[in-house]
Structure formats: C-alpha cells, structure tokens
Amino acid sequence: MPDAPDDEFADLAALARASGVTEPLRASRQVVRTHDGQETSAIRWGDREARITYLHGLGIDAHSFDQTALAVGEPAVALDLPGHGRSSWRDDADYGASVTAPTVLAALDALQVPPGIVVGHSLGAILAARLAATAPERVTGLVLVDMSPDFAQRAVDRIARALEAEEPFATLDQVVDRAIEARVGDDRHVLLREARHTTRLGDDGALVRRHHFPHLPAGRTSSVGRFADAWPDLEALRVPILLVRGDRGYVSPKLHAAFAERLPDAEIVTVTARHAVQNQAPLELAAAIRAWAGRHGLLHRIDEPSRDRTGPR
C-alpha cells in the first residue's frame with residue numbers, strides 16, 4: 001500500500017515545528033478495499049501498530065486531525081470516512097453511522113488496527129459510538145469531539161443540505177471566504193490548509209469538494225442518519241469516555257449539562273474553539289487526550305512528545 005504520489009504531507013514538518021514537536025511521526029497514505037467493494041483511504045501515523053483511530057466530521061477529511069495527531073505523538077490511523085476525502089462514494093448517498101460502520105470496521109481490519117482509542121469529531125463522534133457498540137472488543141476508550149447525540153437533527157440535516165448546494169469555487173481564497181462567512185472559523189491560515197485538502201480541480205478547472213454531497217444528481221439528497229440514535233450506544237459502553245467541547249461549538253451549555261447527567265462517569269473538557277476543535281485548538285485537544293488516556297491507563301505508555309521548550313506549548 002504505497003504512499004500517495006502527491007505532496008499532501010509537504011507541510012507536516014512546519015506543522016510539527018509550530019506544535020513544538022521535534023520528532024514528528026511519519027505520515028503515509030494507505031487505501032484498502034473492503035468486502036462491500038468500497039475503498040477506504042487513511043493516513044497512517046508512525047510505523048508501529050496504531051493505538052488511536054481518528055474519525056473526522058461531516059464535509060471535511062482525515063487531514064483535519066493532522067496537528068492533533070502530531071501533538072499526541074502516538075501511532076494512529078486517521079480515516080477518510082465513506083463519501084469523504086479519497087474514500088469511495090456510496091451509490092445510495094447514505095452516510096449514517098449505522099450504514100457506514102460495517103465498512104469502517106472492515107477497513108480497520110484491513111489496516112490491521114488493533115484495539116485502541118477511537119477519537120471522533122461531529123459525525124465521526126456518532127460513528128465512533130456505533131463502532132464501540134458494534135465491536136466493543138476493539139475500542140478501549142472513546143473521545144467525542146464537540147458532539148452530543150442531543151444536537152438538533154434539523155441542524156444536522158440543514159448542514160447536509162448546505163453541503164449539497166455548494167457551487168464550485170474559482171480560488172482557494174473563495175473557499176476560505178465562504179468558511180468565514182459560515183462561521184466555521186476565523187484563522188485564514190488554518191482554513192486555507194483545510195481548503196487545499198478538501199477540494200480538487202474539477203473537469204472544467206474549477207475547484208470542487210472531494211466529498212460526495214455537492215456531486216449528487218439533481219433531485220437526490222443524502223442521509224447522515226439520526227444522531228439521537230447514538231444514545232443507546234453510548235449508555236451501553238463500559239469504557240472511559242471523554243467529551244472535548246468548544247466553548248462556541250455545537251455542544252451548548254445546555255447540551256453539556258444533559259450529557260453530563262446521562263453519562264455521569266464521562267469526563268468533559270471545554271476548550272476555546274468553535275465546532276472544529278481539532279483545527280482551532282489542536283494542541284489543547286491533544287493535551288486533553290493525553291491526560292485522559294494517562295489517567296485511565298489506555299496506552300501502555302503515553303509519553304509527552306519530544307518538544308522544543310522554546311517553541312509553542
């Protein structure tokens with residue numbers, strides 16, 4: 001399974017330096033085909049068995065966890081979810097967790113990922129809960145990034161419809177402007193990096209999204225499932241759970257309180273960020289994961305990554 005031939009990892013050395021990491025994990029691209037005919041693309045971090053699996057949110061891709069993975073410093077895989085990034089699109093455009101979980105589990109088997117921590121953001125958090133409920137033997141701990149099953153379904157569906165309606169872009173700056181207008185974030189450098197990874201050149205030379213949603217035939221819509229269905233999955237788990245929420249994200253104080261009431265043993269950490277915590281507060285997210293995993297003994301040894309003490313913390 002060779003590395004991707006393009007330069008998608010060209011800026012990782014600079015990203016590691018900006019994170020204070022002096023001995024960054026090596027990143028490589030791997031693609032596996034599962035029994036259902038789907039191709040799942042993944043980024044492998046490090047050359048040893050993965051201890052962590054990262055699952056991104058709706059409309060983005062595995063690269064959203066790059067800086068977090070570098071900062072955590074543990075061997076890992078970050079998947080492009082079905083319909084996203086370099087992974088296959090489903091003919092039925094159904095990307096609900098209950099539908100995609102079998103493909104993702106088969107991909108993890110093909111990638112030879114042993115039991116470990118699963119970190120999921122947004123849609124990836126709902127999928128992570130489904131994976132843990134479906135195959136509890138392969139999940140030792142669960143990290144949910146800015147998502148609660150109580151997040152309004154109408155808002156979830158509205159986001160999917162907005163992705164379907166997105167027109168091609170003339171420039172990457174236009175992609176960034178759209179993201180700022182939608183309050184995805186306000187750091188142009190971070191948003192520009194995301195735009196580079198989530199778009200490609202279309203046949204007419206315009207920039208189009210890599211994910212499936214804006215490419216559906218006229219009159220077709222996608223499905224991302226019912227997020228509330230994740231509650232039975234979460235409440236049945238017997239592994240440590242961590243919720244890392246952005247103070248301006250989708251898990252409002254009200255949802256925060258409801259989550260804590262339903263899952264009193266879960267740990268909750270709040271960081272300064274909007275919804276895409278792994279993009280806007282990647283070092284804080286990494287620190288929360290390391291500390292939580294250390295408290296619960298989820299990794300054989302969770303070392304502080306080698307850091308330049310004069311660099312960013």
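Helix H7 supplies seven residues to the lining of the second largest pocket, the largest share of any element. Helices here (H or I, at least four residues) and strands (E, at least two) are DSSP runs, numbered from the N terminus. This pocket holds about 410 Å³ of space, and 26 residues line it, with Gln67, Val190, Leu191, Asn279 and Gln280 the closest to its centre. Helix H2 (66–72), H7 and helix H10 (277–280) are the elements that give two or more residues to that lining. By type, the lining splits into seven nonpolar, eleven polar and eight charged residues. Ala, Val, Leu, Ile, Met, Phe, Trp, Tyr, Cys and Pro count as nonpolar, Asp, Glu, Lys and Arg as charged, and the others, Gly among them, as polar.

Before going further, keep in mind that this is a predicted model, where local features need pLDDT of at least 70, side-chain atom pairs count only at pLDDT 80 or more, and totals for chains, interfaces and linings use all residues. Residues are numbered from 1 along each chain as its sequence is written, and side-chain values use heavy atoms, with hydrogens and water left out.

**The largest pocket**

About 920 Å³ of space lies in the largest pocket. Its lining has 34 residues, and Ile159, Leu163, Ala182, Val184 and Tyr250 are the ones nearest its centre. Helix H5 (153–164), helix H6 (172–181) and helix H7 (188–198) each give two or more residues to this lining. H5 gives the most, with six residues. The split here is 19 nonpolar, seven polar and eight charged.

What counts as a pocket? On a 1 Å grid over the protein atoms alone, a pocket is an open set of points where a 1.4 Å probe fits, with protein on both sides within 12 Å along at least five of seven lines; lining residues have an atom within 4 Å of a point. Grid points are joined across faces, edges and corners, and a volume is the space filled by probe spheres set on the points.

**Salt bridges**

The count comes to 20 salt bridges, each being a side-chain nitrogen of Lys or Arg within 4 Å of a carboxyl oxygen of Asp or Glu. Here are three of them.

| Acidic partner | Basic partner | N to O distance |
|---|---|---|
| Glu39 | Arg33 | 3.0 Å |
| Asp66 | Arg193 | 2.7 Å |
| Glu166 | Arg209 | 2.8 Å |

Asp66 sits in helix H2 and Arg193 in helix H7, so this pair ties together parts that are 127 residues apart in sequence. Asp66 is buried, at 0% relative accessibility, and Arg193 is buried too, at 12%. Buried means under 20% relative accessible area, exposed over 50%, and partly exposed in between (1.4 Å probe, protein chains only).

Glu166 lies in the loop between H5 and H6, while Arg209 is in strand E8 (residues 207–209), so their pairing links parts that are 43 residues apart in sequence. Both Glu166 and Arg209 are buried. Elsewhere, Glu8, Arg29, Asp80 and Arg86 are joined into one network by salt bridges that share partners.

How exposed are Arg33 and Glu39? Arg33 counts as exposed, at 55% relative accessibility, whereas Glu39 is partly exposed at 30%.

**Two buried residues**

Leu55 belongs to strand E3 (residues 52–55) and is buried, with a relative accessible area of 0%. Leu55 and Ala78 are 23 residues apart in sequence, yet 6.1 Å apart in space, C-alpha to C-alpha. Contact means heavy atoms within 4.5 Å. Setting aside neighbours within four places in sequence, the contacts of Leu55 include Phe65, Leu79, Val118, His121 and Leu131.

His84 is found in the loop between strand E4 (76–79) and helix H3 (97–110), and His84 is buried as well, at 0% relative accessible area. Beyond neighbours within four places in sequence, His84 is in contact with His56, Gly57, Leu58, Gly59, Ile60, His211 and Phe213.

**The whole chain**

Stepping back, the chain has eleven helices and ten strands. Its radius of gyration is 18 Å, close to the 20 Å that the globule rule gives for 313 residues, so the chain is as compact as a globular protein of that length. That radius is taken over C-alpha atoms, and the rule is 2.2 Å times the number of residues to the power 0.38. The C-alpha trace spans about 50 × 45 × 40 Å along its principal axes.

Of the 313 residues, 55% count as buried. Among contacts with a separation of 6 or more, 72% come from residues 24 or more positions apart.
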